[in-house]
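Biologist: I am new to this structure. Please take one part and walk me through it closely.

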Amino acid sequence: MNYDVIVVGSGPGGYVCAIRCAQLGFKTAIVERYAALGGTCLNVGCIPSKALLDSSEHYHNAKNHFATHGIGLDNLRIDLTQMIKRKDDVVKQTVAGIQFLMKKNKIDVYNGHGTFETSNTLSVQTSDGQKVIQAPRIVIATGSKPASIPGVTIDKKRIITSTEALNLTEIPKHLLVIGGGVIGLEMGSVYARLGAKVTVIEYLDAIIAGMDRELGKETKKVLEKQLGFSFYLSHEVKQVQNNGDAVVLQAVSRETGNAIELSGDYCIVSTGRKPYTENLGLEKIGVNLDKRGRVIVDEHLQTNVAGVYAIGDVIPGMMLAHKASEEGVFVAEHFAGQHPHINYRNIPAVVYTWPEVSGVGYTEEELKETGTPYKKGSFPFRALGRSRASMDLDGFVKILAHQHTDELLGVHIIGPRSADIIAEAVVALEFRASAEDLAIFSHAHPTFTEAVKEAALAATGNRPIHL
Ligand code: FAD
């Protein structure tokens with residue numbers, strides 16, 4: 001069968017790419033090795049983790065905050081089976097939505113593992129036998145898989161990845177989390193809210209270290225205070241063993257050399273993800289990979305092999321669903337002769353702890369490193385009426401602007417609903433707004449977004465109203 005475009009992988013990179021290709025009039029096929037479409041994000045990533053984060057947040061609030069609101073509850077209890085089932089239902093509905101969109105856009109779906117035979121021929125092992133499909137343009141959107149570290153073997157029973165953590169049948173008493181990145185903090189939050197003691201062991205001297213460092217510091221403080229997290233920063237995990245009903249973890253401080261031993265009942269290994277290109281036949285067609293196994297692409301997201309493109313987690317860059325989707329749209333529009341553009345600097349990063357953490361643009365550390373003259377304004381959520389009403393008092397908005405031109409350079413937030421609030425900052429940065437612009441726009445009262453206006457007022461010359 002011949003197509004104009006074949007997309008390999010149906011995650012947020014692949015399925016969005018396929019839809020945009022179809023919208024632009026290309027005869028399009030998508031190939032997915034699993035029965036369910038949607039990739040990591042819909043099946044074992046963004047969506048199920050947010051479903052569990054929402055459920056666990058409800059429980060945590062009911063247990064810890066309802067009484068203050070004057071709401072009494074007797075016999076509050078957790079039905080973990082139902083919680084997991086609701087999460088599965090959310091995933092099922094979302095996946096069904098993608099299946100519908102494929103049909104609506106007349107995209108042929110091939111369920112089976114795809115392998116390049118030539119640069120424009122793919123063979124797919126389907127349950128109906130091998131299918132061979134061809135297209136002058138093939139997009140690799142095969143995503144990523146969890147990565148481990150030396151000394152740690154994931155047994156999927158007690159030494160687990162985020163995928164198994166989404167389906168536990170009991171609430172851990174003591175959950176060890178290797179890696180203080182986004183996934184570790186999110187899954188740790190789920191189980192801490194449900195009653196687990198959570199200990200995070202992080203190699204670096206900060207958590208969520210890729211974001212502005214002030215965010216990590218505040219997140220650590222809040223997780224310690226609100227959920228009783230313990231952190232071992234600057235610790236290198238050497239070994240983890242499953243002893244049947246417990247896991248024992250050994251680590252060494254990178255500062256003092258002191259060894260520690262921790263025991264828990266589960267250990268989540270959230271030390272990052274690696275690109276997935278297994279049995280894809282890339283060697284056969286000569287696609288170049290970098291040292292970390294990522295597909296190397298040029299400014300049009302084309303590999304070194306003409307007609308073969310790659311997007312999403314499988315190429316260098318942030319491993320985020322919306323980054324993958326932007327790249328999916330980019331290649332489709334490039335195929336149509338348009339001139340799309342992605343401003344990678346303005347792709348927001350988000351952590352769905354509570355409070356949520358988000359950031360876009362340059363971090364303060366980056367500005368210092370490059371010697372960029374900057375000014376800064378911060379505003380704490382606790383000074384907002386909206387925050388007092390909902391008792392969401394932790395966190396702040398921090399705005400970085402150019403010292404001389406006042407152009408916005410970065411916005412970093414830890415606070416209630418900051419995953420949504422950051423969109424305002426993305427628009428402002430995209431339009432190259434100044435801090436003054438953000439400061440003078442009207443923000444509805446009472447809303448959490450008023451903290452953005454106040455931080456912008458602070459950045460433009462120490463004139464926040466409510467501080
Ligand atoms: P994927 O979603 O990984 O999809 C790749 C697809 O390709 C898979 O379905 C795979 O089966 C298929 N495939 C691979 N090889 C072949 C082959 N040879 N033939 C056929 N099919 C193949 N990102 C966010 O932006 N926000 C979040 O809140 C968020 N939360 C996350 C939570 C967790 C627990 C995890 C693990 C990740 C989270 N992410 C989040 C990251 C996000 O899931 C990824 O960045 C995103 O899924 C990458 O999209 P992709 O299309 O590149 O690849």
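Modeller: Here is a close look at one helix and the strands that cover it, with a short word on the ligand at the end.

This is a predicted model: local features need pLDDT of at least 70, side-chain atom pairs count only at pLDDT 80 or more, and totals for chains, interfaces and linings use all residues. Residues are numbered from 1 along each chain as its sequence is written, and side-chain values use heavy atoms, with hydrogens and water left out.

Start with helix α12, residues 418-430. Helices (H or I, at least four residues) and strands (E, at least two) are DSSP runs, numbered from the N terminus. The expected span of a helix is 1.5 Å times one less than its number of residues. With 13 residues, α12 should therefore span 18 Å, and its end C-alpha atoms are indeed 18 Å apart.

Next, burial. Buried means under 20% relative accessible area, exposed over 50%, and partly exposed in between (1.4 Å probe, protein chains only). In α12 the buried residues are Ser 418, Ala 419, Ile 421, Ile 422, Ala 425, Val 426, Ala 428 and Leu 429. An α-helix has 3.6 residues a turn, so residues three or four places apart point the same way.

What covers these buried residues? The cover includes strands β19 (349-351), β20 (356-361) and β23 (408-415). Helices α13 (435-440) and α14 (450-459) also belong to it. Contact here means heavy atoms within 4.5 Å. Just after α12, Arg 432 takes a positive phi of about 50°.

Now the covering strands. Two strands pair if DSSP finds at least two bridges between them. A hairpin of four residues links β19 to β20. The pairing of β19 and β20 is antiparallel, over three bridges. Val 350 stands opposite Ser 358 of β20. On to β23: β20 pairs with β23 in the antiparallel sense, over six bridges. There, Gly 361 has Gly 410 of β23 as its bridge partner. Six of the six residues of β20 are buried, so β20 is largely enclosed by the rest of the structure.

Last, the ligand. A polar contact is a pair of N or O atoms within 3.5 Å; within protein, one must be able to donate a hydrogen and the other to accept it, and residues adjacent in sequence count only if both atoms are side-chain atoms. A polar side-chain atom of Glu 32 is 2.6 Å from a ligand oxygen atom. A polar backbone atom of Ala 321 lies 2.8 Å from an oxygen atom of the ligand.
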